[in-house]
Amino acid sequence: MSDLIKEIQKRKTFGIISHPDAGKTTLTEKLLLFGGAIQEAGAVKSNKIKKGATSDFMEIERQRGISVATSVLAFEYRDHKINILDTPGHKDFAEDTYRTLTAVDSVIVVIDVAKGVEEQTEKLVKVCRMRNIPMLVFINKLDREGKDAFDLLDEVEQKLGLRVVPLSIPIGMGSDFQGIYNIWENNIQLFLEEKKQKVGETIKFDNINDPSIDEVIGEKAAQNLRDELELVQSVYPEFSREDYMNGDLQPVFFGSALNNFGVRELLDAFIEIAPMPQPKESDTRLVKPEESNFTGFIFKIHANMDPKHRDRLAFVKIVSGTFKRNENYLLVREGKKMKFSSPNAFFADKKEIVDESFPGDIVGLHDTGSFRIGDTLTGGEKLSFKGIPSFSPEHFRYINNSDPLKAKQLAKGVDQLMDEGVAQLFTLEMNGRKIIGTVGALQYEVIQYRLEHEYGAKCTYEPLSMHKACWVEADERSEEFKEFARLKQRFLARDKYNQLVFLADSSFTIHMTQEKFPNVKLHFISEFE
Ligand code: G4P
């Protein structure tokens, strides 16, 4: 077997998604503890924005600092290299999370046992389903009173549209929580609360009718457990790796991240079933990881926190081949050759310059403004990876320059912030006015603050009541399109990539427009087949 293939088979690159507070940070930390990547709990900083801190810029800057540090957390476990890609839970940064999801090969969805499926989980899982990303579900906080396990499994199926198979089931809950029956490994792990950061005792049984189970957890709980296992067998499908890999079946685990309970089981199953780096579709062909030529794409750009050094860090997911330091690579969009003397690799607690990286890995490249999110780098081949679309923003405002002497700085700042993916810029066809679209209101404050502090430019906003940005797909020579363009000219704009966008003021407008112009297709996402 070639060294490259060995490296590929070792790697698992995934993201953890959840609604804020479900326990993503805690779970991440416990996974890193297992990998020996950190020594104590509390070492992973939460990058969430604390409640009520939305206009506190120190908080935003602090969060940005942490989010560089936690962008990629890598560790080794049982001969595997695991890369966890951080996904912000805050809804205003959802776009960032969507983009990161283009760089993962699988995800773990964390759900709070008491709160069940929450809004942000629904949105993120929807994106994963669209891409058929393999998903594992971890139901967390079993040490607390929560919903009945089977009700929750139903809720996960209905609200998230998943087809689940429990690979573990809890024995009791909250104050009666005794442990987990691990269907995957056929054993019971007992929960000893006082052991907190230590892993509790695991008792192995070959047979669920083993009378010693009654002794360990009590007769009633044992009977209950047997009934539930029977139910699992009769109601849920059998686990099939193929279905999981295709995104058609989602295994579920129960546990308590805070108490380090059920986490090893999750990790062990993950190691066994989660996909290694996968092939990726490009505009010309499917690119396979084991190809010897390097290819990769940029899914995230992070501006330097120090305004004196305006360089940025571009995060590249390696799709194929070996990435080497100081080698010439092609930035396909620009047709430009580039060489990187200090590419960074990420570990749990540090980043380091690396000589070589492999498919599934993320490297950080210092960038002075050449890159855009979605850019492809190759060893020379002219191909572009698909799949980093923009989603329609939820908020729209005109942006105005409030310091005429700083027009250039403003333009540059806006341009670079849009490259980073902080928000989207639309330019009205009719008069060239600039509109900024964002997922959350918080971004406007971030942009204003960063323009001033990093680019020395000042801006003001003007409200604009828009519902959605719709990317237009039409034959621009057709009479129908021309009529559409004539009627809607006040609402037509170009995005940063010069794609035509229709700004619709209501869902009613979208509906009517589609009825009137059936061959002018409107999409809420910038990439369509
Ligand atoms: P997030 O990244 O998904 O936003 O969640 P995070 O891990 O920060 O966890 C949110 C809160 O839930 C934290 O408490 C955390 O300690 C708690 N938590 C996580 N896992 C469990 C669990 O298994 N059981 C219980 N009972 N609690 C859990 P906090 O009070 O908000 O923060 P902190 O002050 O403890 O850090």
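# Close-up views of a predicted model

**View 1. Aromatic pairs across the structure.** Searching the whole structure turns up 18 aromatic pairs. Here, rings of Phe, Tyr and Trp (its six-membered ring) pair if their centres lie within 6.5 Å, and planes under 30 degrees apart count as stacked, over 60 as edge-to-face and the rest as tilted. Please keep in mind that this is a predicted model, in which local features need pLDDT of at least 70 and side-chain atom pairs count only at pLDDT 80 or more, while totals for chains, interfaces and linings use all residues. Residues are numbered from 1 along each chain as its sequence is written, and side-chain values use heavy atoms, with hydrogens and water left out.

**View 2. Phe177 meets Phe261 edge-to-face.** These two rings form an aromatic pair with 5.5 Å from centre to centre and 85° between the planes. The pair links distant parts of the chain, 84 residues apart: Phe177 is in the loop between strand 7 (168-171) and strand 8 (179-182), and Phe261 is in the loop between strand 11 (250-254) and helix 10 (263-273). Helices (H or I, at least four residues) and strands (E, at least two) are DSSP runs, numbered from the N terminus. Both Phe177 and Phe261 are buried, where buried means under 20% relative accessible area, exposed over 50%, and partly exposed in between (1.4 Å probe, protein chains only).

**View 3. Phe294 and Tyr329 form a tilted pair.** Their centres are 4.5 Å apart, with 55° between the planes. This pair also links distant parts of the chain, with Phe294 in the loop between strand 13 (286-287) and strand 14 (295-303) and Tyr329 in strand 17 (residues 328-331), 35 residues apart. Phe294 and Tyr329 are both buried. Widen the view and one aromatic cluster appears, formed by Phe294, Phe323, Tyr329, Phe340 and Phe371.

**View 4. Arginines sit over tyrosine rings.** The charged end of Arg397 is over the ring of Tyr461, 5.7 Å from its centre. Arg433 lies over the face of Tyr398, at 3.8 Å from the ring centre. A charge sits over a ring if NZ of Lys or CZ of Arg is within 6 Å of the ring centre and within 35 degrees of the ring normal.

**View 5. Lys458 lies in a loop before strand 27.** This loop runs between helix 12 (442-455) and strand 27 (459-463). Lys458 counts as partly exposed because its relative accessibility is 43%. Leaving aside neighbours within four places in sequence, Lys458 is in contact (heavy atoms within 4.5 Å) with Asn400, Asn401, Ser402, Asp403, Leu410 and Glu452.

**View 6. An open antiparallel sheet has 8 strands.** Their order is 27-24-26-25-29-30-28-31, where two strands pair if DSSP finds at least two bridges between them. Strand 27 and strand 31 (521-523) are the edge strands, each pairing on one side only. Neighbouring strands of this sheet are turned by 40° against each other on average, direction ignored.

**View 7. Strand 28 pairs with strand 30, and helix 14 lies across them.** Strand 28 (residues 468-473) and strand 30 (residues 500-504) pair in the antiparallel sense over 4 bridges. Lys468 stands opposite Ala504 in strand 30. Helix 14 (residues 507-516) lies across strand 28, strand 30 and strand 31, running at about 150° to strand 31. Axes are lines fitted to C-alpha atoms, for helices over the stretch in contact, and angles run from 0 to 180 degrees between N-to-C directions.
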